[in-house]
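Me: I've got this one open in the viewer and would like a close look at a single part of it. Could you walk me through it slowly, strand by strand?

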Amino acid sequence: MQPSAITVRSVYKSFGKTRAVNGLSFTVKQAECFGLLGPNGAGKTTMMKMVYGKAERDASPEGVINVLGFDPQYNPLNVRHLLGVVPQDDNLDGELNVYQNLSLFAKFYGLTGSAAEIAIGHLIETMELTDKKRSKIRELSGGMKRRLIIARALLNNPKILILDEPTTGLDPQVRHMIWDKLRLMKKSGITMLLTTHYMEEAFQLCDNLIIMHKGQMIIEGQPRELLAKSIEKYVLDIVNKDSTDKIFDCLNSPAIRADLSTETLHIYSSNIEALNEIASRLKPGDYFLRAANLEDLFIKTTGRALDDAG
Amino acid sequence: MTTRDSYPSLAMRLYSVWYRHMRVYRSNLLSNGLPPFLEPLIFLAGIGLGLGRYVPAFGSVPYVTFLAMGLPVTTAMMTASFECTFGTFINLEFHKVYDGMLAAPITVNNLIIGEMLWAGTKGFFFAFAVVAVTVPFGIIPLPGGLIAPFIGFITGLMFASLSLVVTSYVKTISFFNFYFTGFLSPMFFLSGVVYPLEELPDALKYLAEALPLTHPVRLARAMCMRQLSAALLFDVLYIAAFITLCGYVALKRLRRRLID
């Protein structure tokens, strides 16, 4: 069996009285894409920062973080040399152009001269930024900036790529393009640790994922398996709340699970007949019947309450 | 492409941080590079020639020369202070530049020391600019004046380390006004730049000796005048201790700001 790329065991992280990460354990295998999912404030970014030594875990003899054989807290240079980070914020040097941003960063890895030129040229091409090589950062669109940040993270040919919400705020075209690039990288053997709020993204990219809530792991598994095992197959979304009176008597059936948000009633069931029967009593525009997805599982496990504290 | 076996050496890491700052500075060469040459001219024309006509010569040198010998040091102080207060704060809080750098094989210490070296370099450059524009007018004597940029470098290190300590406490950018108006500006008038300290009452003389700016100013003047004495060793020691102490505190405190 291949050794794991990242091992996290019993890790805690507090900010004052708040526990951002509360006894988290997980293992990321080599060359897999591992997703950290969870609502805002669940501790995803903090966990990622601990993986590359940008944050330090609470002192505890049980707590372990091992990245390719190194503890990021004590050997940050070894770890950062082997991995690339795509942060949530765009932290490019706004005064410089695309090429300069990359060559500056290449120096941080000790990459200079023709070796740097080759690596940069290759990445600019891969990320489809050739036309923008000499453009200043402020002339780039959001999608181009993201691609540049990913290129920057790849400069040293990393073994692990850390992606903190890599496609947030991007249009579908760019998002799909970035997914394709990430798939290619995974194929080439790069291990990925990914956070995202897009369940579709997690479903598309992740081999394994965990859903976190309040610093703890709620559920772990492969996306398809989780969908098969941990949530009903179908959902009936009733968008007109007034029409729920007509089906009130059905809600106690053991075949279904009902979940009411402020304006919508969601009825989950693996039995499509049961849902069809409820739907037949409603007006066509009042409901949608669809297959359950990762987002439904996410809401089932983390609840509907907003938790924006983080 | 292959990954290098090991992360870059300490020298390379410090150089790459220094290089980053130099590269960004250089990208606006005209607006960044011209003022250091114009400012001393304006200052010396306004204060030195204007006011200097009413002030008798100080010992063997005209007033404008007396003033000009301190100027490389004060200008180095100001540029390093700006760099490591507003500059550092903006990189830290607004542009998140350091967050990016800390994802590469750079430690917090590399980052801070590289920043200090860059501020020292700016001190050197700004002091050099003062020497360059004053020497043609015969205001700063040669060859002693050639040492001034090196004292500018050391002054840059001093005020970089002090300013980084200040920055480590600052949550709101306007707070720096206290540092500039409340500390640096008064110190300018109390450190033997505009008048000799010998004339001051004893209490103020002691205060002046405690202030950091006094020591590089005295060194610079002694070098320009080529009047070396053993007493200057005290200034050298003060400067070394100041950089070490402030640098250490800056490293400790900024670490907490940069690593969660």
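What is the order of the six strands in the open sheet of chain A, and what kind of pairing does that sheet have?

Reply: Sure. One thing up front: this is a predicted model. The six strands of that open sheet come in the order 5-6-7-3-8-9 in chain A, and the pairing is mixed. At the edges you'll find strand 5 (83–86) and strand 9 (216–221) of chain A; each has a single partner strand, so one side of each has no neighbour in the sheet. From strand to neighbouring strand the average turn is 15°, ignoring direction.

Let's start with strand 3 of chain A, which sits between strand 7 and strand 8 in that order. Strand 3 covers residues 33–37, and five of its five residues are buried. "Buried" here means under 20% relative accessible area. In a regular strand, side chains alternate between the two faces of the sheet. You can follow the cover on both faces of strand 3 of chain A: C33(A), G35(A) and L37(A) are buried on one side, and F34(A) and L36(A) are buried on the other.

Now look at how strand 3 of chain A is held on either side. With strand 7 (residues 191–195) of chain A, strand 3 pairs in the parallel sense, over four bridges. If you want a residue to click on, take L36(A): the residue opposite it in strand 7 of chain A is T195(A). The pairing of strand 3 with strand 8 (residues 208–213) of chain A is parallel too, and it also runs over four bridges. There, F34(A) has N208(A) of strand 8 of chain A as its bridge partner. Both of the strand 3 residues I've just picked, L36(A) and F34(A), belong to one face of the strand, and both are buried.

Next, go out to the edge at strand 5 of chain A. Its partner is strand 6 (residues 160–164) of chain A, with four bridges in the parallel sense. A handy pair to find is V86(A) and L163(A), which stand opposite each other, the latter in strand 6 of chain A. Helix 5 (residues 142–153) of chain A lies across both strand 5 and strand 6, and its direction makes about 165° with strand 5 of chain A.

To place this sheet in the chain, bring in the domain assignment: domain 1 of chain A spans 4–222 and domain 2 spans 232–291. The centres of these two domains, taken over C-alpha atoms, are 40 Å apart.

It's worth setting a second sheet of chain A beside the one you asked about. This other open sheet has four strands in the order 11-12-10-13, with antiparallel pairing. Strand 11 (257–260) and strand 13 (287–291) of chain A are the edge strands here, and with a single partner strand each, one side of each is left without a neighbour in the sheet. The twist from one strand to the next averages 20°. Helix 9 (residues 272–279) of chain A packs on this sheet and touches strand 10, strand 12 and strand 13, with its direction at about 15° to that of strand 10 of chain A. Inside the sheet, strand 10 (residues 234–238) and strand 12 (residues 265–269) of chain A run antiparallel and are joined by five bridges. One pair to look for is V235(A) with its bridge partner Y268(A) in strand 12 of chain A.

Zooming out, chain A has ten helices and 13 strands in total. Its C-alpha atoms fill a box of roughly 75 × 50 × 40 Å along the principal axes. Of its 310 residues, 53% count as buried. Among chain A contacts between residues at least 6 apart in sequence, 68% join residues at least 24 apart. The exposed surface of chain A is about 13,900 Å², with 49% supplied by carbon and sulfur atoms.

Chain B makes a useful backdrop: it has eleven helices and zero strands, so you won't find a sheet strand there, given that strands are the DSSP E runs. For its 260 residues a compact globule would have a radius of gyration near 18 Å, and the 19 Å of chain B agrees with that. In chain B, 54% of the 260 residues count as buried. Its accessible surface comes to about 11,800 Å², and 70% of that belongs to carbon and sulfur atoms.

Technical notes
Residues are numbered from 1 along each chain as its sequence is written. Chains are lettered from A and ligands numbered from 1 in the order in which they are written. This is a predicted model: local features need pLDDT of at least 70, side-chain atom pairs count only at pLDDT 80 or more; totals for chains, interfaces and linings use all residues. Side-chain values use heavy atoms; hydrogens and water are left out. Two strands pair if DSSP finds at least two bridges between them. Helices (H or I, at least four residues) and strands (E, at least two) are DSSP runs, numbered from the N terminus. Axes are lines fitted to C-alpha atoms, for helices over the stretch in contact, and angles run from 0 to 180 degrees between N-to-C directions. Contact means heavy atoms within 4.5 Å. Domain bounds come from an automatic or database domain assignment. The radius of gyration is taken over C-alpha atoms; the globule rule is 2.2 Å times the number of residues to the power 0.38. Buried means under 20% relative accessible area, exposed over 50%, partly exposed in between (1.4 Å probe, protein chains only). Accessible areas come from the Shrake-Rupley method with a 1.4 Å probe; for residues, only the protein chains shown count as cover.
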